[in-house]
Every structure is written in structure tokens, then in C-alpha cells.
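I opened this entry to look up how aromatic rings pair up, and where charged side chains meet them. Notes follow in the order I checked things.

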Amino acid sequence: MKPNGSASSLAKRARHEPPAPDEAEVSLFGPGIGESAVVHLGGGDWIVIDSCVETGTREPVAVKYLANLGLHSEHSLRLIIVSHWHDDHIRGISSVLQAAPHAVIACSAALNSDEFFQLTAFSRRAMTEWPGTAEFEAVLAILEQRAPAGVRPAAIGPTWAVANQRLWQRSATGSIPSAEVYALSPSAAALTLAINGFADMLPVAGPARKLVALTPNQAAVAVWIVFGSFNILLGSDLEASTNPLIGWHAIITSQARPTGLAHVFKVPHHGSDDADEPAVWTTMLVPNPCAVLTPFIKGPSPLPRPTDISRLKARTNELYCTAAPKGWAPPRRDPAVERTLRETVRARRAISGPMGHVRIRAQHSAPNSLQVDLFNGAHRL
Amino acid sequence: MAAPTAKFNPVQDARSETLRRPIASLGESLADQPHDQFEFVVPSLSPERPLEGTEAENQTNGIARETFSGIGYEARPARRILRLPTAPVPRERFIVLQKWEGTVISIEKDEFTAVVRDLTNPRHPEEQVTLLLGDVADGDRQLLAPGAIFYWAMGYKVNLFGGRERVASLRFRRLPALTARDLRDIRREAERLRELFGETR
Ligand SMILES: [Zn+2]
């Protein structure tokens with residue numbers, strides 16, 4: 001398994017070439033803060049897991065990428081998964097849904113709770129622009145509009161995903177193998193805990209606060225994808241808990257999850273150690289799998305940390321990241337502002353930059369020989 | 001009297017008409033300014049008052065929810081426009097060159113780390129900054145916690161004689177107390193969403 005080089009002209013030329021109908025693709029995008037995965041399941045069927053937007057235009061990268069391949073989201077997108085509602089995974093997801101009128105949208109079942117509906121209803125009054133809950137509210141508004149007269153919107157979505165639920169499937173036709181998409185989480189125990197967590201976040205009078213999510217999520221949807229004999233595990237931001245009933249532990253011990261080993265692994269929660277479950281590598285992945293991740297350049301210690309990178313590199317030598325976790329030089333401003341900044345700010349850096357992109361393509365008949373292309377600063381670790 | 005716009009060239013703010021020019025102070029003679037520069041409001045010393053105007057108005061305005069207490073004006077949605085007299089009492093004014101909305105991420109010994117979004121140029125990427133705790137106003141200290149939201153602005157303070165001083169303003173937000181009616185509305189909307197989309201497990 002050899003990566004196909006970085007920004008070589010060859011890779012650039014191939015960048016906007018769609019995969020063959022019998023070829024699977026996993027494209028992971030991350031501009032520094034934010035993550036979106038776009039997956040081809042053969043036969044022109046695509047799914048999107050989470051959304052992030054281009055710095056500047058705020059366009060969701062998933063829709064733009066499909067358009068660059070010459071595809072219409074309207075005809076190609078079958079399924080949109082909102083793995084959890086944190087800002088770095090949800091921005092632009094309502095625009096993705098808007099562009100895909102025939103796609104099913106699936107969300108963590110934790111969001112199907114009175115508590116989360118209250119947070120959603122509150123988002124219009126939140127004293128900050130663009131909280132994750134507002135994006136979710138926009139999703140519900142689109143579904144409400146889409147529901148035919150006399151039909152309850154719940155009939156068209158969202159699908160409230162729980163562990164071991166099949167979210168989508170297609171049978172084999174000709175040279176194109178069958179494909180299936182499963183949610184591996186959240187577990188029943190995680191749902192209860194998550195809903196209690198939302199209750200604590202309900203609006204009260206007092207200091208204006210925004211949820212700062214620096215930790216992994218117990219109710220995130222990890223996704224298992226089957227394409228013939230090729231399997232993909234997308235770990236979202238699912239946490240590794242010591243509680244055996246939640247997080248990765250619950251998945252490992254589940255008797256109901258799909259069997260098999262994954263060739264491609266989207267490392268959970270930007271490589272952090274609190275989302276790391278060693279048993280995932282030994283029981284759910286092929287030896288030396290192709291592992292990909294996005295950074296999370298926020299907080300005193302951005303992810304992945306150097307220790308995370310060493311830990312992951314000890315498990316596979318095929319490790320790729322969409323961007324370096326060190327940030328970018330901030331934009332230049334008015335000279336008076338620049339001078340005031342120099343006098344008042346101790347440290348400063350831009351936390352989103354070019355839309356890094358790791359693209360993995362595989363023939364279902366040869367799941368161990370992958371083609372990896374790296375764009376816009378994505379690199380091998 | 002020449003309009004103060006000639007003196008500097010503020011950063012273009014795609015969302016905000018108002019900020020393409022300096023925000024004029026209450027102290028200026030406004031008679032010779034174009035009609036659309038009358039967009040400011042009754043000065044208020046209570047920065048915690050809830051917003052008025054519709055969400056759409058607030059967004060078009062681009063400067064909604066912003067206060068600079070102690071500076072002598074409060075930028076607010078343009079619903080309550082006060083036509084000022086032609087010869088008002090002179091006052092100090094503040095020219096905004098740059099503003100951000102920030103969220104506190106973590107607090108260290110004598111500094112705090114925050115992520116700031118550029119409100120002057122929304123096309124700019126988010127930035128992470130480390131600021132000194134000492135720059136936080138005494139009255140705002142108890143609001144400083146992870147997740148706390150603040151407004152941060154830089155510009156010039158112009159005194160009565162036209163003298164300029166570069167200044168930065170850091171103000172933490174307080175949520176206005178939700179009224180019983182607000183809470184009732186939120187619960188009613190949540191109930192509506194549950195009826196439309198909820199699935200009993
Ligand atoms: Zn994340």
C-alpha cells in the first residue's frame with residue numbers, strides 16, 4: 001500500500017476525476033477546525049458524514065467537492081449523517097441537505113429528546129452567531145418544508161440513529177458489489193447520559209456561555225460501511241469510556257454489530273487519547289490499516305498532540321492527516337489594529353486554513369491495495 | 001464641518017453597512033452628513049438590556065448586540081433611531097476599526113485563551129488568541145469562564161479636541177434574564193418540534 005504522492009501535477013490532474021462505478025472512495029476534509037467525510041459506495045451512490053465549510057465562502061465542502069467531480073448532489077447523495085452536533089462537525093450540514101432533496105438524513109438518537117429540542121428552540125436567542133444547535137434547527141426547518149401536506153415530517157426524517165442500526169443498503173448489480181451503512185453507536189446507556197447532559201445546558205439567566213466542546217462525545221454516531229469485501233470504520237468523535245456500556249467499549253463487546261475488519265479507519269476525535277481504544281485496532285481493523293484524521297486546532301493543546309501521533313504511528317504506518325495541527329499566520333489588518341494587537345495579545349494564530357483533503361480509493365476486489373491522494377496541505381504522518 | 005470619514009479607511013465589513021464608515025459620535029455636528037449616517041441610537045448605560053428588533057434586522061445591521069459601555073454610545077438595531085439635533089453637546093467618540101466576537105476556551109495563571117471570529121471581515125478565518133487577565137474589566141471578572149462570550153473591538157478614542165488615542169475594548173456578555181414568557185415560548189417550540197419529529201423509544 002503506497003500513498004500516491006502529495007501535490008504532484010499528476011495528483012492535481014486527477015483531483016477532479018470521479019471514481020469508477022465499481023470503485024469505493026473515502027474523502028476526508030478538514031481545514032484545521034472542522035471535519036467532513038464524503039464516501040462513494042459504488043454505482044454513483046454517495047454519502048456524507050458531518051460537514052465543515054470553506055474558510056471565507058462558508059460553502060460546505062461536501063457539495064463543492066461533488067460538483068468539482070462533475071456530479072450533482074441532488075442525484076448522487078443518498079444519505080447524510082450528523083454524527084453529533086458540535087460546531088466542528090455540523091457547520092453547513094443544512095446546506096448539504098438543501099442540495100440533496102432525495103437524501104435521507106440520520107442523526108444521533110440523543111438529539112431526539114425534549115432537552116435537545118429545547119436547546120434547538122433556544123438557538124434563535126443564543127447570543128452568538130452560528131451555534132451548532134442553529135444548524136440543527138435549519139435541518140428540521142428544511143424537513144418540515146419538505147414533508148408533503150398531511151404527512152408528519154418525522155416520516156421523512158431525521159432517522160434517529162442508535163447502535164447496530166442499518167441506515168442504508170444497496171444490493172449488487174453487475175460488477176458493482178452490494179453496500180451497507182450501519183450506525184455502531186450510540187448505545188442505550190450513552191443516550192441516557194447524553195440527555196442528562198443536555199438538561200444541564202438548558203438556558204438560564206446569567207453569564208452568556210457557549211458550549212466549548214474540547215472533549216470527545218459519548219453519543220456520537222460511529223459508522224461502519226461495507227462495500228463488497230472492503231470495509232470502512234468512521235470513528236466520529238466517539239469517546240473511549242471506562243464505562244463498558246458506552247463509547248468504544250460498548251461497540252467492541254456488542255454481539256449485534258456487523259462482523260469483519262475495516263481497511264480504512266477515520267481515527268476518532270482528532271486522535272486524542274480519550275477517544276483511543278486499543279481493542280479497536282486489534283478486533284475491528286485489518287493489520288496496518290489506512291488511518292486518517294483531521295486536526296482540531298483549538299485550546300491550549302491542539303489535536304493531535306505529538307504523543308497522539310507517536311501512539312497512532314506505533315499502530316499503523318499508513319497514517320494521514322488533513323492539516324498540520326499548528327495553525328496559520330493570522331490575516332493582516334489595518335496598521336493601527338496590528339499595532340494594538342502587538343501590544344495586547346500574547347499569542348495569535350488562524351485556526352482554519354486551506355481545506356486539507358485525504359482521498360482514498362479502493363477496488364472492492366483488491367481491498368488491500370489502496371490509492372491515497374493528498375491535497376491542500378494534507379500529509380502523511 | 002468635514003465628515004470624519006475622510007480621516008481613515010476602515011476595513012470593509014460585508015455584512016454591515018454601518019461599519020463601512022466610522023461610527024459617528026453623539027457629539028458631532030451631523031447636519032452636513034449624508035442622511036444614512038444618522039444610524040445610531042439612544043445612548044444607554046445599561047448594556048444588559050435585551051435586543052429589540054427582529055432577528056433579520058439585527059443581522060442586516062451587523063452591529064446588533066454590541067455595547068461599549070462607558071464610551072458613550074450603544075450600537076443597536078436601527079429600529080429606534082433618534083434624529084439628533086444639529087448642534088449637540090460635544091463628547092468623546094470612538095472610531096471602530098476592528099471587532100470580533102470571542103469565546104473563552106481556557107483560563108491559565110495570568111492569561112486566557114479564546115477563539116475569536118472577525119465581525120469586521122467575516123471572510124477571515126477564526127483565530128485563537130491569548131489575552132491577559134489584567135485586560136478584563138473588574139466588573140466582568142466573575143463572567144470569565146470557559147464558554148463565556150465577549151466582544152472585542154479596537155479603534156481610536158477621539159477627545160473633544162480631536163486628539164486620538166488607540167484603544168481596545170473587551171466586554172463580556174451577559175444573557176438578559178429570560179422572562180417567564182421567553183421560557184414558555186421556548187418550551188412551546190420544543191414541544192412543537194417533538195410532535196413533528198420526535199419518535200418514542
Ligand atoms: Zn470534532
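Entry 1, cluster. I looked for rings joined through pairs and found a cluster in chain A made of Trp85(A), Phe116(A), Phe117(A), Phe136(A) and Trp160(A). I note here that the model is predicted. I then took the total over all chains, which is 11 aromatic pairs.

Entry 2, Phe112(B) and Phe172(B). I looked up this pair next: the ring centres are 6.3 Å apart and the planes stand at 55°, so I logged the pair as tilted. The angle falls short of edge-to-face because that class needs planes over 60 degrees apart. I placed Phe112(B) in strand S2 of chain B, residues 111-118, and Phe172(B) in strand S5 of chain B, residues 164-172. The two are 60 residues apart, and the pair links distant parts of the chain. I checked burial as well, and both Phe112(B) and Phe172(B) are buried.

Entry 3, Phe150(B) and Phe172(B). I found Phe172(B) in a pair with Phe150(B) too, with centres 5.3 Å apart and planes at 40°, so this pair is also tilted. Phe150(B) belongs to strand S4 of chain B, residues 149-158, and Phe172(B) to strand S5, so the pair ties together parts 22 residues apart in sequence. I recorded Phe150(B) as buried, like Phe172(B).

Entry 4, charges over rings. Which ring does Arg15(A) lie over? I found Arg15(A) over the face of Phe375(A), 4.9 Å from the ring centre. In chain B, I found the charged end of Arg164(B) over the ring of Tyr156(B), at 4.8 Å from its centre.

Terms used:
Residues are numbered from 1 along each chain as its sequence is written. Chains are lettered from A and ligands numbered from 1 in the order in which they are written. This is a predicted model: local features need pLDDT of at least 70, side-chain atom pairs count only at pLDDT 80 or more; totals for chains, interfaces and linings use all residues. Side-chain values use heavy atoms; hydrogens and water are left out. Rings of Phe, Tyr and Trp (its six-membered ring) pair if their centres lie within 6.5 Å; planes under 30 degrees apart count as stacked, over 60 as edge-to-face and the rest as tilted. Helices (H or I, at least four residues) and strands (E, at least two) are DSSP runs, numbered from the N terminus. Buried means under 20% relative accessible area, exposed over 50%, partly exposed in between (1.4 Å probe, protein chains only). A charge sits over a ring if NZ of Lys or CZ of Arg is within 6 Å of the ring centre and within 35 degrees of the ring normal.
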